[in-house]
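Below is a short report on a two-part question: how is each chain built, and how do the chains meet? Look through the sequence and the model, then read on.

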Amino acid sequence: MREVAIIGIGQTPVDEHWDKSLRELAGEAILKALQDAQREEVDALYVGNMMSGILTQQENLGALIADWAGLRYIEAVKVEAACSSGAAAVRQALMAVSSGLIDSAIAVGVEKMTDEKGTEITAALATAADADYETAHGVTFVGLNALIMQRYMYEYGWKHADFAPFSINSHLNAMTNPNARLHEIISEKDYASAKMISYPINLLDASPIGDGAAAVLIVPKDSLKPNHKPMITIAGSAAASDTVAVHDRKDPLWLKAAEISSRKAYQQAGVTPQDIDFFELHDAFSIMAVLSLEACGFADRGQGPRLGLDGIISRSGKLPIATLGGLKARGHPVGATGVYQIVESVLQLRGEAAENQLSKAQIAMTQNIGGSGSNIITHIIKREDR
Amino acid sequence: MEIPRHWRIRQQRYALVGEVCPHCNAKLFPPRDICPQCGEDARTPYQFSGKGEIYSYTTIYEPPAGFEEYTPYTVALVKLEEGPVVTAQLTDLGEQPLEIGMPVEMVTRKIRSDSDERGMIIYGYKFRPVLSRQ
Ligand SMILES: [Zn+2]
């Protein structure tokens, strides 16, 4: 297997892009990644996307986007793994390049959501759940997370207010990210009084949807000059699955797939949780951030909220998370999210995160969660030239 | 829409018919043909009692398409007394506040109907608080 490096990144702002189509958004992110890498072509394209068939009546995105981006005739396919489609596409690109079958690949995550009305988007998101035994009963995606959060609060004795630091931190970090969907500082009071969506989850527990695209360009490390700068490599990459339905899990309060994929990624990278400088986690809901921190070994079972309350997750803390706003405030254009996480990590590792730049950024971890924990993909990304 | 899809799982929807594993006796709902406990074939039908307790619950204020007219409604994870957990709506809720651990029992109710007047009406299981004996 060949080691791989990320030499190009690109992203569009996450927004309601009424003036741009799905292919235009994806094309924009791809062209930026090519320009960033100073390349004009690649051998393969992997498109991460969840809902284009439902929300845009468009499938066959591989060929559609390759052609639009001026890459006609290359190998190109769409990869779908619910909300983890983005990281799944990155992992496909990585495996293709690492195996030696492909010499350069772009993974682009794209989602076009805001053309449709709210109830249709809610129904489309719910297709990540079990259609016969969850969705058929009217439970929404938010509802499933609410069922988990309610039980979590009951078992471990946390109050809703104890989750506030996650939302507050993400909103604060998004303020200076020009690509973020929300630019709005929030207070504990705002958090406590936000509109209820599905008790106990309110509007400030939930990430906003949006349109957006992000892309990374991957090549073998040994194809670069040894003094190539910055040398950003993928040191660990692992994916795991679990039951689609929450009710089928052995323990609905434990993200087994996060535990498995993070453990494998740590092993590959030769690191432990203590070595991770920052963590771009999947804070689609505040409860998911908490469960991810626990399953990845950053907090004891049932103690995830402590990391928020103790300030550990802030940019000056020991384990900064959502450093450019996370899903909560950068936004969650579903199939693109996993690629945004990696693009943002590369910005931090390169020292290009501007006002959001962390003082220590050598080893990054990203984790993209599909469904309510059914598909979890973890990446560890390193800067090696310093 | 999708008539065979609902017809196919009528025994599950109307009567909570799951499976029992002939090898380790694990009770399975929904049916899944392969036992998650021991990994063996498990295709023996098993009728669940419909009794259980609330494992967790929530109220849906922002429904998906198809459920607008019922909003708000309450959805729960119900732990059946035979072991499995199911996702279902709660119904016949009186004044008493819901809590985790509350005993509930299965009833058959309308879940939703297609908006079009010639559309399907879909029935299935919901759970209601167990009526306390006077
Ligand atoms: Zn068995």
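Helices (H or I, at least four residues) and strands (E, at least two) are DSSP runs, numbered from the N terminus. On that count, chain A has 13 helices and 11 strands. The model is a predicted one.

**Chain A as a whole**

Chain A has a radius of gyration of 19 Å, close to the 21 Å that the globule rule gives for 386 residues, so chain A is as compact as a globular protein of that length. Its C-alpha atoms fill a box of roughly 55 × 45 × 40 Å along the principal axes. Of the 386 residues, 63% count as buried. Contacts reach far along the sequence: among those between residues at least 6 apart, 78% join residues at least 24 apart.

**Helix α5 of chain A**

Which residues of α5(A) are buried? They are Ile121(A), Thr122(A), Ala124(A) and Leu125(A). These residues cover an arc of only 165 degrees around the axis, which puts them on the same side of α5(A). An α-helix has 3.6 residues a turn, so residues three or four places apart point the same way. The cover over the buried residues of α5(A) includes α2 (52–55) and α6 of chain A.

**Where chain A meets chain B**

The contact takes 27 residues from chain A and 28 residues from chain B. On the side of chain A, α5 (118–125), α6 (141–156) and β5 (196–198) each give two or more residues. The largest share, seven residues, comes from α6(A). Helix α6(A) thus has two roles here: part of the cover over the buried residues of α5(A), and a contributor to the side that touches chain B. By class, that side of chain A divides into 14 nonpolar, nine polar and four charged residues.

**Inside chain B**

Chain B is divided into domain 1 (1–48) and domain 2 (49–134). Their centres, taken over C-alpha atoms, are separated by 20 Å. Where they touch, 11 residues of domain 1 of chain B are in contact with 15 residues of domain 2 of chain B. On the domain 1 side, α1 (3–8), α2 (10–15) and β2 (27–28) of chain B each supply at least two residues.

The table sets out the classes for the two contact sides.

| Contact side | Nonpolar | Polar | Charged |
|---|---|---|---|
| Chain A, touching chain B | 14 residues | nine residues | four residues |
| Domain 1 of chain B, touching domain 2 of chain B | seven residues | two residues | two residues |

Terms used:
Residues are numbered from 1 along each chain as its sequence is written. Chains are lettered from A and ligands numbered from 1 in the order in which they are written. This is a predicted model: local features need pLDDT of at least 70, side-chain atom pairs count only at pLDDT 80 or more; totals for chains, interfaces and linings use all residues. Two residues are in contact if their C-beta atoms, placed from the backbone, lie within 7 Å. Ala, Val, Leu, Ile, Met, Phe, Trp, Tyr, Cys and Pro count as nonpolar, Asp, Glu, Lys and Arg as charged, and the others, Gly among them, as polar. The radius of gyration is taken over C-alpha atoms; the globule rule is 2.2 Å times the number of residues to the power 0.38. A residue is buried if 20 or more other C-beta atoms lie within 10 Å of its own, exposed if 12 or fewer, and partly exposed in between; C-beta atoms are placed from the backbone. Domain bounds come from an automatic or database domain assignment. The arc is that of the directions from the helix axis to the C-beta atoms.
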